[in-house]
Amino acid sequence: MSLSGKTAIVTGAAQGIGRSIALRLAQDGANIVLTDVKTDKLAVVVKEVEALGRKALAVTADVGDREQVYAMVQQAADTMGQVDIMVNNAGIVQVSSILDATPEEVETIYRINVQGTLWGIQAAAKAFKAQGTPGKIINACSMAGHESFPLLGVYCSTKFAIRALTQTAAKELGSLGITVNAYCPGIVGTDMWDFIDRRMVEETGAKPRETYNKFVGGIALGRAETPEDVAALVAFLARPDSNYITGQSIITDGGIVYR
């Protein structure tokens, strides 16, 4: 219950890692503001948070739209009293050769992954300043933000960019008591990895699940990651235990990429 009385915003909270983060922070005592473009699924997660005895607010918002992000954070502050934790979790993936990337594809993934994270950082910092409180900003990076992979080049570049935003924001906001960190998952059994596996079949002729199983086979701890594994790190970064950690992009991949 170390987050009792705190309010956390989780973007991309309708499913997968975002849902698990929202539920873990609620288990730790926080009230949760959930945002996504998938309104129906958000409603389900709201009920799950409330079943844990926490307040929950669902806000449909596109993280790639700066005005929507600012409005969502303001609504969270107005409804919940204040905002303490911002988890910029929303993101998408693309699978194609770097030689085949189109302007439309690059614009879309950068708008959501990079700009969405930037707008979240800005809006959260503005809210913390207005409240006169310290705060936690936690961004979704990836092991692909530390090492690039074939056919994931543009996606990897967005995650490298998130590491840069995390470091810069930490340096600029530290004097205000705001910490900024990122979590870097590996091979997580979610819809995103199902999509990656299907696209690898199309791009390389691999058999279904072959790419997924190949990556999982290289994990030192011998199993795929779960959304709950990721949520455990986010919960630590949200708690006072991590108050002296900032500007870090922490790999949680079970042992694939070593830095």
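Student: Where is glycine 64 placed in this model?

Tutor: The model is a predicted one. Glycine 64 sits in the loop that runs between strand E3 (56-60) and helix H3 (66-80).

Student: Is glycine 64 buried or exposed?

Tutor: The general idea is a cut-off: buried means under 20% relative accessible area. Glycine 64 has 10% relative accessibility, so glycine 64 counts as buried.

Student: What does glycine 64 touch?

Tutor: Leaving out residues up to four places away in sequence, glycine 64 touches Arg111, Gln115 and Trp119. A distance can also be read between two chosen residues. Glycine 64 and glutamate 225 are 161 residues apart in sequence, and their C-alpha atoms are 27 Å apart in space.

Student: Which loop holds glutamine 15?

Tutor: Glutamine 15 lies between strand E1 (7-11) and helix H1 (16-27). Glutamine 15 counts as partly exposed because its relative accessibility is 23%, and the range for that label lies between the buried limit of 20% and the exposed limit of 50%.

Student: What are the contacts of glutamine 15?

Tutor: With residues up to four places away in sequence set aside, glutamine 15 touches Lys38, Lys41 and Asp191. Take lysine 38 as a case of sequence against space: glutamine 15 and lysine 38 are 23 residues apart in sequence and 9.0 Å apart from C-alpha to C-alpha.

Student: Which residue does UniProt list as "active site"?

Tutor: The unreviewed UniProt entry lists Tyr155 under that name. An annotation of this kind may be inferred rather than shown by experiment. In the model, tyrosine 155 lies in helix H5, residues 153-173.

Student: Is tyrosine 155 buried or exposed, and what does tyrosine 155 touch?

Tutor: Tyrosine 155 counts as buried because its relative accessibility is 9%. Not counting residues up to four places away in sequence, tyrosine 155 touches Ile92, Val93, Gln94, Ile109, Asn113, Ser142, Ala144 and Met192.

Student: What domain does UniProt list, and over which residues?

Tutor: The same kind of record, an unreviewed entry, gives "domain: Ketoreductase" for residues 6-196. Over residues 6-196 the chain is 50% helix and 18% strand. The C-alpha atoms at the two ends of that stretch are 35 Å apart.

Student: Where does isoleucine 196 lie, and what does isoleucine 196 touch?

Tutor: Isoleucine 196 lies in helix H6. Its relative accessible area is 4%, so isoleucine 196 is buried. Neighbours within four places in sequence aside, isoleucine 196 is in contact with Val93 and Val95. Val93 is also among the residues touched by tyrosine 155. For a distance, the C-alpha atoms of isoleucine 196 and proline 103 are separated by 20 Å, with their positions 93 residues apart along the chain.

Student: How do I read a strand residue such as isoleucine 178?

Tutor: Use the same steps. Isoleucine 178 lies in strand E6, residues 178-185, and counts as buried because its relative accessibility is 2%. Residues up to four places away in sequence aside, isoleucine 178 touches Ala125, Phe128, Gly135, Ile137, Leu173 and Thr246. Isoleucine 178 and valine 114 are 64 residues apart in sequence and 20 Å apart, C-alpha to C-alpha.

Student: What is there to read in a phi angle?

Tutor: Most residues other than glycine have a negative phi. Leucine 151 has a positive phi of about 70° although it is not a glycine. Leucine 151 is in the loop between strand E5 (135-140) and H5.

Student: What is the phi of arginine 209, and where is arginine 209 found?

Tutor: The phi of arginine 209 is near 75°, again a positive value in a residue other than glycine. Arginine 209 is found in the loop between helix H6 (191-204) and helix H7 (210-217). Its relative accessibility is 35%, so arginine 209 counts as partly exposed.

Student: How many helices and strands does the protein have?

Tutor: The protein has eight helices and seven strands. Buried residues make up 52% of its 259 residues.

Student: What does the radius of gyration tell me about the protein?

Tutor: The general idea is to compare the value with that of a compact globule. With 259 residues such a globule would have a radius near 18 Å, and the protein has 18 Å, so the two agree. Along its principal axes, the C-alpha trace spans about 55 × 35 × 35 Å.

Notes
Residues are numbered from 1 along each chain as its sequence is written. This is a predicted model: local features need pLDDT of at least 70, side-chain atom pairs count only at pLDDT 80 or more; totals for chains, interfaces and linings use all residues. Side-chain values use heavy atoms; hydrogens and water are left out. Helices (H or I, at least four residues) and strands (E, at least two) are DSSP runs, numbered from the N terminus. The radius of gyration is taken over C-alpha atoms; the globule rule is 2.2 Å times the number of residues to the power 0.38. Buried means under 20% relative accessible area, exposed over 50%, partly exposed in between (1.4 Å probe, protein chains only). Contact means heavy atoms within 4.5 Å.
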